[in-house]
Amino acid sequence: MLDLRGLSIGGADGAMVVRDLSLSLPASGITALIGPSGCGKSSVLKWLAGILPKDLDAEGQLMLDGQASARPSPAISYQPQGDGLFPWLTVAQNAALGLQVRGLSRAEALSRVAPLFRSFGLKGTESQFPDQLSGGMRQRAAFLRTVVQDSRYILLDEPFSALDAVTRLRMQDWLVARLADRPRGVLLVTHDLHEATRLADRILVMTGSPGRIVAEIPVPGPPTQRSEAALAPLRDDLKSLLLENAP
Amino acid sequence: MLPSILPPLLLAACLLAGWEIYCRLADVAPLILPAPSGVLQALVLNRADIGAHALSTIAVAALGFSLSVGFAFLVSIMLHFLPWAKKGLMPLFVASQTIPLIALAPLMILWFGFGLLPKVLLVILVTFFPMLLSLLSGYRQTPAAFADLLASMGAGRLSIFRRAVLPSARPSFFAGLRISATYAIVATIFAEYAGARRGLGIYILAAKNNFHADLVLAAVVVSAALTLALLGAIRLLDRLTAPGSKARHA
Ligand SMILES: Nc1ncnc2c1ncn2[C@@H]1O[C@H](COP(=O)(O)OP(=O)(O)OP(=O)(O)O)[C@@H](O)[C@H]1O
Ligand SMILES: [Mg+2]
């Protein structure tokens, strides 16, 4: 279990970006974090990943299985908004980056990611460069890089927002399948209510100025067995929650 | 590749043709303005002599330029990691750029003699600063997302520098290399002009003193060719070391 307690983030101008925000993340399943643009979703993820910009003041506590933890923590891997693939590295080198940073030799890291290319739908792209891939493939490569780090928790910042509708649906199913292979606790930031209700076990609704969580809504049933019809009322609830709390 | 060099070649050919025609029609004295054909003739007749001097110029420029690039690289890394050193040293580097070469070159010869040292120093003085600025501005162009991603993986400052900052600075580095390369040849010739035993600079000085405008121009042609060759070599290096240069052409 990952617990974030009492996170407050203050801007340089004294404005509060996030105030007294707490959330917890079970070791498996997807928790979605939704909220209007600018409410502080990325800031929360960055704090958890240990990369909040230095001009922002923050206080809060990160607990992993009841133990206070330093940040960045090897138990958490983070995938930034956009895919963050390095254009000068091949797809395989990009995928191996996290392992190399954590001390594996280049050869070791590459041999660790090589067998995963097939199941990630990236077979044959190993020695290509990111600009030769489609948007969906780039996201898969970024996710491969995130997953091979073998952390228990994964933070995804709007992973599918740049994709067209069809590719996005495919990637969502694909993400659920990959997580079934290797369970992780995922915190998924998204703007897309369909995405949140399709994928998440639980939806945290955030509002802005200052950023805080105003509701925590469980989504019934495993993601693979949900019907669109059953989800529609839930989306209506979420929509009215977001509108109610809009400034 | 070919179409891109065609327009400048055509333009140069037109200018040369105009120059040649003007010299012949207006009957200009070759002592004042030799025609291109005259310059070419002088170049061919004196090729051994000019070649020997050019070789010396190449050696000085290449040595000074390489030292300068290496030095700029080391200093850029130091300044990147030590912001206070940057604050202290940058004004000095800027001031060094305001010293007129025309004042400094003779002094250097006076202090260090006619050998290699004053010329190499002068080349370093001229090329170091643009190289340093290019590198530093390249480091600043590192996308924050790349450095952040590495930091979230637990990478330290050195690892981030090696994996994200240096590769991000690559285009800037080559831009700086191209600018400094042109300065390197000019600075070498300038230093030789102020006093040397060999080199295109001293050759130009001697030719001028003997009223051989054709030889002056022949040496200028050679120095331009040297600069173009150096730029070509840098471009080749850029292409060969570009990430994916092999994968993409396969
Ligand atoms: N480095 C910074 N300095 C000062 N303020 C910042 C900084 N980074 C972000 N902010 C502010 O923090 C607030 C939250 O930004 P954040 O990027 O976390 O929002 P978000 O919910 O992820 O938005 P989006 O949905 O558009 O990605 C914004 O109002 C932004 O102006
Ligand atoms: Mg965001």
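Across the interface of chain A and chain B, zero salt bridges are found by the rule applied here. The model is a predicted one, and its two chains still share a good deal of surface to look at. In this interface, 22 residues of chain A are in contact with 17 residues of chain B. Together the chains bury about 1700 Å², and 69% of this area falls on carbon and sulfur atoms.

A good place to follow the pairing residue by residue is A:Phe86. Once neighbours within four places in sequence are set aside, A:Phe86 contacts A:Asn94, A:Leu97 and A:Pro130 in chain A, along with B:Phe146, B:Leu149, B:Leu150, B:Arg163 and B:Ala164 in chain B. A:Phe86 also belongs to the largest nonpolar core, which has 70 residues. Within that core, A:Phe86 is among the residues that touch the most other members, in the company of A:Val44, A:Leu48, B:Leu132 and B:Leu150. The biggest contribution to this core comes from H6(B), which supplies 11 residues. Apart from it there is a second, separate core of 46 residues, whose members include A:Ile30, A:Val147, A:Leu175 and A:Val219.

Helix H6 of chain B deserves a closer look. It runs over residues 116–140, 25 residues in all. From its first C-alpha to its last, H6 of chain B reaches 36 Å, close to the 36 Å expected at 1.5 Å a residue. The helix is nonetheless bent, by about 35° at B:Thr127, with a proline, B:Pro130, following within four residues. As for its surroundings, 18 of the 25 residues of H6(B) are buried, so the helix is largely enclosed by the rest of the structure.

Two individual positions round off the picture, one in each chain. In chain A, A:Asp192 sits in the loop that links strand E8 (185–189) to helix H6 (193–199). With a relative accessible area of 18%, A:Asp192 is buried, because the cut-off for that class is under 20%. Not counting residues up to four places away in sequence, A:Asp192 touches A:Arg168 and A:Gln172.

In chain B, B:Ala206 is part of helix H10, which covers residues 200–209. B:Ala206 has a relative accessibility of 38% and therefore counts as partly exposed. Between B:Ala206 and B:Gly70 there are 34 Å in space, C-alpha to C-alpha, and the two lie 136 residues apart in sequence.

Conventions: Residues are numbered from 1 along each chain as its sequence is written. Chains are lettered from A and ligands numbered from 1 in the order in which they are written. This is a predicted model: local features need pLDDT of at least 70, side-chain atom pairs count only at pLDDT 80 or more; totals for chains, interfaces and linings use all residues. Side-chain values use heavy atoms; hydrogens and water are left out. Helices (H or I, at least four residues) and strands (E, at least two) are DSSP runs, numbered from the N terminus. The expected span of a helix is 1.5 Å times one less than its number of residues. The bend at a residue is the angle between axes fitted to the seven residues ending there and the seven starting there. Buried means under 20% relative accessible area, exposed over 50%, partly exposed in between (1.4 Å probe, protein chains only). A nonpolar core is a set of buried Ala, Val, Leu, Ile, Met, Phe, Trp, Tyr and Cys residues joined through side-chain atoms within 4.5 Å. Contact means heavy atoms within 4.5 Å. Buried area is the accessible area (1.4 Å probe) that two parts lose on being put together, summed over both. A salt bridge is a side-chain nitrogen of Lys or Arg within 4 Å of a carboxyl oxygen of Asp or Glu.
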